[in-house]
Amino acid sequence: MAKHVLVIDDNADFLRLVELLLQKAGYTVELAESALRASELLEQRVPDAILLDLMMPMRNGLEFLEDLRWDARFEKVPVIVITAMPLTPEEREFIDAFAVVCLDKGRTTEVVGHLRTLL
């Protein structure tokens, strides 16, 4: 059975690119265009992994990640942060504590290799 990956990003073109990349690698993919939508989807199904953008309107990826880690249902779900945002040392420390990998959006093709290692 294919592993299920939830991808959270407010950029529709980026979502489609990652969806194609992951489907080609054999993953089932669910897309969320916001942290709010992702929270709704998580109530229906626990994914095997999450790809998370940080810069999103209303509720950013850091807030989403913190809430996710407080919920015992998702404590073992690996999160890969993908961002174009420059990070402060504090943000980097936070991500290092709560996510398994942080990639620059220019390195998106590396996601498949990281997922294979994690899953």
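1. A quick definition before anything else: a crossover is right-handed if, with the strands pointing away from the viewer, the path from the first strand over the helix to the second runs clockwise. By that rule, strand 3, helix 3 (residues 61-70) and strand 4 form a right-handed β-α-β unit. Keep in mind that we're looking at a predicted model.

2. Strand 3 is a good place to start. Its pairing with strand 1 (residues 4-8) is parallel and rests on four bridges. With strand 4 (residues 79-83) it also runs parallel, this time through three bridges. Leucine 52 turns up in both pairings: it is the bridge partner of isoleucine 8, and it stands opposite valine 81 in strand 4.

3. What about the two faces of strand 3? In a regular strand the side chains alternate between the two faces of the sheet. Here, both faces of strand 3 (residues 49-52) are covered, with Ala49 and Leu51 buried on one side and Ile50 and Leu52 buried on the other.

4. Now the core. The largest nonpolar one counts 23 residues, and Ile8 and Ile50 have the most contacts inside it. Strand 1, helix 2 (35-44), strand 3, helix 3 and strand 4 each give it two or more residues. There's another core lying apart from that one, with 17 residues, including Phe14, Leu22, Val111 and Leu115.

5. Isoleucine 8 deserves a click in the viewer. Setting aside neighbours within four places in sequence, its contacts include Ile50, Leu51 and Leu52, along with Leu15, Ala38, Met56 and Phe64. Polar residues are on its contact list too, namely Ser34 and Asp53.

6. On to helix 3: which of its residues are buried? They are Gly61, Leu62, Phe64, Leu65, Leu68 and Arg69. These sit on the same side of helix 3, because they cover an arc of only 160° around the axis. The buried residues pack against strand 1, helix 2, strand 3, strand 4 and helix 4 (89-98).

7. Have a look at the start of helix 3 as well. There, a side-chain oxygen of asparagine 60 comes to within 2.9 Å of the backbone nitrogen of leucine 62.

8. Last one: is histidine 4, in strand 1, buried or exposed? Histidine 4 counts as buried, because its relative accessibility is 3% and the cut-off for buried is under 20%. Leaving out residues up to four places away in sequence, histidine 4 touches Thr28, Glu30, Arg45, Val46, Pro47, Asp48 and Ala49. Of these, Ala49 is one of the buried residues of strand 3.

Conventions: Residues are numbered from 1 along each chain as its sequence is written. This is a predicted model: local features need pLDDT of at least 70, side-chain atom pairs count only at pLDDT 80 or more; totals for chains, interfaces and linings use all residues. Side-chain values use heavy atoms; hydrogens and water are left out. Buried means under 20% relative accessible area, exposed over 50%, partly exposed in between (1.4 Å probe, protein chains only). Two strands pair if DSSP finds at least two bridges between them. A nonpolar core is a set of buried Ala, Val, Leu, Ile, Met, Phe, Trp, Tyr and Cys residues joined through side-chain atoms within 4.5 Å. Contact means heavy atoms within 4.5 Å. The arc is that of the directions from the helix axis to the C-beta atoms. A polar contact is a pair of N or O atoms within 3.5 Å; within protein, one must be able to donate a hydrogen and the other to accept it, and residues adjacent in sequence count only if both atoms are side-chain atoms.
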